[in-house]
Amino acid sequence: MTRVLVVEDDPQLVRALKINLQARKFEVVEAGDGATALRLAAARTPDAILLDLGLPDMDGVEVIRGVRGRSHVPILVLSARHTSEEKIRALDAGADDYVTKPFSMDELLARLRAATRRREAPASPAGIPGIATDEFTIDLAARKVVRGGRTVRLTPTEWHLLELLIARPGHLVSQRRLLLEVWGPAYSEHTNYLRVYMAQLRRKLEANPSHPRYLITEPGMGYRFEP
Ligand code: CA
């Protein structure tokens, strides 16, 4: 049975989540504040955490940092905040995904299932010899991309970006993280670089670059490699 720690201070939402999760055979552990969440995350070793960012005693991002100090448990943020900065802070702190309130239970459960599936099959860059899609194949060891039988030439910057995205298939990687890793701290606001380089990657890898199938933009947030 999958054990989910629900960290939320709105009793009505907690009740709705509990009914829906239990109906789908999840075991639910509740925490109404950040301190309780940190204690239960350690004591009950949940398989996933649903985390509200606006908690009475601390910022939910602090909970993410506290949990990440000792666990890779999937964390799905329930955010009432509409600014992408808040969500990016949460993702950068180590959250796996987010849903914006109000959300549908179906969407939440789909994201939760996806997060726990990824947990069962962890994607470590070292463990992936390569990626094969219907459009192209990537050989990480040989640093080689082949599309339609031909080797695709990537610049070192394009390669670096692609590597970061394919390391966590299906996962949103924030603009900030990509900029920090590829260009460095001085460039963390230069989202225009990402637009330019992602467009180049799509031209090289996608059948229809203006309607990408594999290199997906999450507007205002970041990018995702969808295998
Ligand atoms: Ca709240």
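Which exposed residues does the face of helix 1 turned away from its buried side carry? In the predicted model described here, that face carries Pro11, Gln12, Arg15, Ile19 and Ala23. The opposite character is found in Leu13, Val14, Leu17, Asn20 and Leu21, the buried residues of helix 1. Viewed along the helix axis, these buried residues fall within an arc of 140 degrees, so they line one face of the helix. Helix 1 covers residues 11-23, and its 13 residues should span 18 Å at 1.5 Å a residue; the C-alpha atoms at its two ends are 18 Å apart, in agreement with that expectation.

Confidence in the prediction was examined next. The protein chain has an average pLDDT of 87, and 94% of the residues score at least 70. Residues 121-126 stay under 50 in pLDDT, and for them the model has five contacts beyond four places in sequence.

Both ends of helix 1 show local features. At its start, a side-chain oxygen of Asp10 comes to within 3.0 Å of the backbone nitrogen of Gln12. After the helix comes Lys25, with a positive phi near 70 degrees. Lys25 is not a glycine, and its place is in the loop between helix 1 and strand 2 (27-31). With a relative accessibility of 61%, Lys25 counts as exposed. A positive phi is also found at Thr45, likewise a residue other than glycine, where the angle is near 35 degrees. Thr45 belongs to the loop between helix 2 (34-43) and strand 3 (48-52) and counts as exposed at 54% relative accessibility.

The loop that holds Lys25 also contains Phe26. Phe26, however, counts as buried, at 9% relative accessibility. Beyond its neighbours within four places in sequence, Phe26 is in contact with Met1, Thr2, Val4, Leu21, Leu109 and Leu112. One of these partners, Leu21, is itself among the buried residues of helix 1. Between Phe26 and Arg70, which are 44 residues apart in sequence, the C-alpha to C-alpha distance is 23 Å.

On the other side of helix 1 in sequence, Glu8 occupies the loop between strand 1 (3-7) and helix 1. Its relative accessibility of 3% places Glu8 among buried residues, since the limit for that class is under 20%. The side chain of Glu8 reaches the backbone nitrogen of Asp10 at 2.9 Å, and it makes a polar contact of 3.0 Å with the side chain of Lys101. When residues up to four places away in sequence are not counted, Glu8 touches Leu13, Val14, Ala31, Gly32, Asp52, Leu55, Leu78 and Lys101. Leu13 and Val14 in this list are buried residues of helix 1.

Lys101, the polar partner of Glu8, precedes a cis peptide bond: the bond from Lys101 to Pro102 has an omega near -5 degrees. Pro102 lies in the loop between strand 5 (97-100) and helix 5 (105-120).

The model also contains a calcium ion, whose protein donors are Asp9 (OD), Asp52 (OD) and Gly54 (O), at 2.2 to 2.4 Å from the ion. Along the sequence, the spacing of these donor residues is D-x42-D-x1-G. Two of the donors, Asp52 and Gly54, can be contrasted in their accessibility. Asp52 is buried, with a relative accessible area of 4%, whereas Gly54 counts as partly exposed at 33%. A polar atom of the Asp52 side chain lies 3.3 Å from the backbone nitrogen of Gly54.

Asp52 is located in strand 3. Apart from residues up to four places away in sequence, Asp52 touches Val7, Glu8, Asp9, Gly60, Leu78 and Lys101. This list includes the calcium donor Asp9, as well as Glu8 and Lys101, whose side chains are joined by a polar contact. The C-alpha atom of Asp52 is separated by 9.4 Å from that of Gly34, 18 residues away along the chain.

Methods. Residues are numbered from 1 along each chain as its sequence is written. This is a predicted model: local features need pLDDT of at least 70, side-chain atom pairs count only at pLDDT 80 or more; totals for chains, interfaces and linings use all residues. Side-chain values use heavy atoms; hydrogens and water are left out. Donors are N, O and S atoms within 2.8 Å of the metal (3.2 Å for Na, K and Ca); water is not among the atoms, so sites may look incomplete. Buried means under 20% relative accessible area, exposed over 50%, partly exposed in between (1.4 Å probe, protein chains only). Helices (H or I, at least four residues) and strands (E, at least two) are DSSP runs, numbered from the N terminus. The expected span of a helix is 1.5 Å times one less than its number of residues. The arc is that of the directions from the helix axis to the C-beta atoms. A polar contact is a pair of N or O atoms within 3.5 Å; within protein, one must be able to donate a hydrogen and the other to accept it, and residues adjacent in sequence count only if both atoms are side-chain atoms. Contact means heavy atoms within 4.5 Å. pLDDT is the predictor's confidence in each residue, from 0 to 100.
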